[in-house]
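Me: I am new to this structure and would like a close look at a single part of it, with enough of the surroundings to understand where that part belongs. Could you choose one and explain it in a connected way?

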Amino acid sequence: MGIFKLLLRVRPRRSARPAVSHNDGTPIRSVRRKFLLRGEEYSVSLKPDATRNGLTVRDSTLVVSLCPATRENFDRFLRDWYRRQARKTFQAAIERWLPLFAEAGYEVPAPRLKIFAMRRAWGRCYYTKGLVTLNLHLVKTPPACIDYIVLHELCHFVVSNHSQAFHRLVESFLPTWSETDAQLKAFARAHRVIG
């Protein structure tokens, strides 16, 4: 093959720099849907002309400042905000339960916490790894439900299965656990929190 044909087959290089986009998504001026946090429903008041992203809770309203005021920025900002709220809420619940385990004579280590948006489970315990995984959407449920799920997962550090011994252990800490479980299921159905 001659050098001329070889040169024709070589494609021109693309620039390593990404193209600059002046349109950072779909503009947004208002948000109609409601958002849940710890069992309470919040509407959104949008401040689209802000100089930076921010969120303030006022009564039953999330006042969201956006820069830029786009649907994509709003979705990303709310997702990150939910994740921060979940970590703070779940960690506080773990810290409330652990001393009660110690008082009852159970040596439960402070677990590492991971948070994922799960479709079917509220939480999982990996007791051999010292890890508890909780559903991001759990932060939308009432505080009693959050405490119950955190307790449930911590109890797996003592009893790894769902035997009668496990349920007796949960009941020793939370005698109303079955009512709270029913409340959680009803809340999830009513608000379509998880499938």
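Reply: The helices and strands named here are runs assigned by DSSP, a helix needing at least four residues and a strand at least two, and they are numbered from the N terminus. The model is a predicted one, and the part chosen for the close look is its largest pocket, together with the sheet and helices around the lining.

A brief view of the whole chain comes first. The protein has five helices and seven strands, and from the N terminus on its elements follow the order α-β-β-β-β-α-β-β-β-α-α-α. Of its 195 residues, 41% are buried. Among the contacts with a separation of 6 or more, 49% join residues that are 24 or more positions apart.

Now to the pocket itself. The volume of the largest pocket is about 180 Å³, and its lining is made of W122, G123, R124, Y148, I149, H152, E153, H156, H162, W177 and D181. In chemical terms, this lining divides into four nonpolar, four polar and three charged residues. Three elements, namely strand β6 (123-126), helix α3 (143-155) and helix α5 (177-191), each supply at least two of the lining residues. Helix α3 gives the most, with four residues.

Following β6 away from the pocket leads into a sheet. Strands of a sheet pair through backbone hydrogen bonds, in either the parallel or the antiparallel sense. Here three strands form an open sheet in the order β5-β7-β6, and the pairing is mixed. Because β5 and β6 stand at the edges and have a single partner strand each, one side of each is left without a neighbour in the sheet. On average, and with direction ignored, neighbouring strands of this sheet are turned by 15° against each other.

The mixed pairing can be followed strand by strand. β6 pairs with β7 in the antiparallel sense over four bridges, and R124, which also belongs to the pocket lining, stands opposite T133 in β7. Further along this pairing, Y126 stands opposite L131 in β7. β6 and β7 form a hairpin with four residues between the strands, and in this hairpin G130 takes a positive phi near 70°. On the β5 side, strand β5 (residues 112-116) pairs with β7 in the parallel sense over five bridges, and K114 has T133 as its bridge partner in β7.

Strand β7 deserves a pause. Five of the five residues of β7 (residues 131-135) are buried, so this strand is largely enclosed by the rest of the structure. Its two faces are both covered, with L131, T133 and N135 buried on one side and V132 and L134 buried on the other.

Helices account for part of the surroundings of this sheet. Helix α3, which gives the most to the pocket lining, lies across β6 and β7 and runs at about 150° to β7. Helix α2 also packs on the sheet, where it touches β5 and β7, and its direction makes about 145° with that of β5. One residue shows the approach of α2 in detail: R83 has its place in helix α2 and, leaving aside residues up to four places away in sequence, touches I115, F116 and L136. R83 and I115 are 32 residues apart in sequence, while their C-alpha atoms are 7.6 Å apart in space. With a relative accessible area of 33%, R83 is partly exposed.

Helix α2 also leads to the other sheet described here. Helix α2 (residues 71-103) lies across β1, β2 (40-47), β3 and β4, and runs at about 15° to β1. The sheet is open, with four strands in the order β1-β2-β4-β3 and mixed pairing. Since β1 (35-37) and β3 (54-58) stand at its edges with a single partner strand each, one side of each has no neighbour in the sheet. The twist from one strand to the next averages 35° in this sheet. Within it, β3 and strand β4 (residues 61-65) pair in the antiparallel sense over five bridges, and T56 has V63 in β4 as its bridge partner.

To return to the pocket, the lining draws on β6, α3 and α5, of which β6 is an edge strand of the sheet ordered β5-β7-β6, while α3 lies across β6 and β7.

How values were computed:
Residues are numbered from 1 along each chain as its sequence is written. This is a predicted model: local features need pLDDT of at least 70, side-chain atom pairs count only at pLDDT 80 or more; totals for chains, interfaces and linings use all residues. Side-chain values use heavy atoms; hydrogens and water are left out. Two strands pair if DSSP finds at least two bridges between them. Axes are lines fitted to C-alpha atoms, for helices over the stretch in contact, and angles run from 0 to 180 degrees between N-to-C directions. Contact means heavy atoms within 4.5 Å. On a 1 Å grid over the protein atoms alone, a cavity is a set of points where a 1.4 Å probe fits but cannot get out, and a pocket is an open set with protein on both sides within 12 Å along at least five of seven lines; lining residues have an atom within 4 Å of a point. Grid points are joined across faces, edges and corners, and a volume is the space filled by probe spheres set on the points. Ala, Val, Leu, Ile, Met, Phe, Trp, Tyr, Cys and Pro count as nonpolar, Asp, Glu, Lys and Arg as charged, and the others, Gly among them, as polar. Buried means under 20% relative accessible area, exposed over 50%, partly exposed in between (1.4 Å probe, protein chains only).
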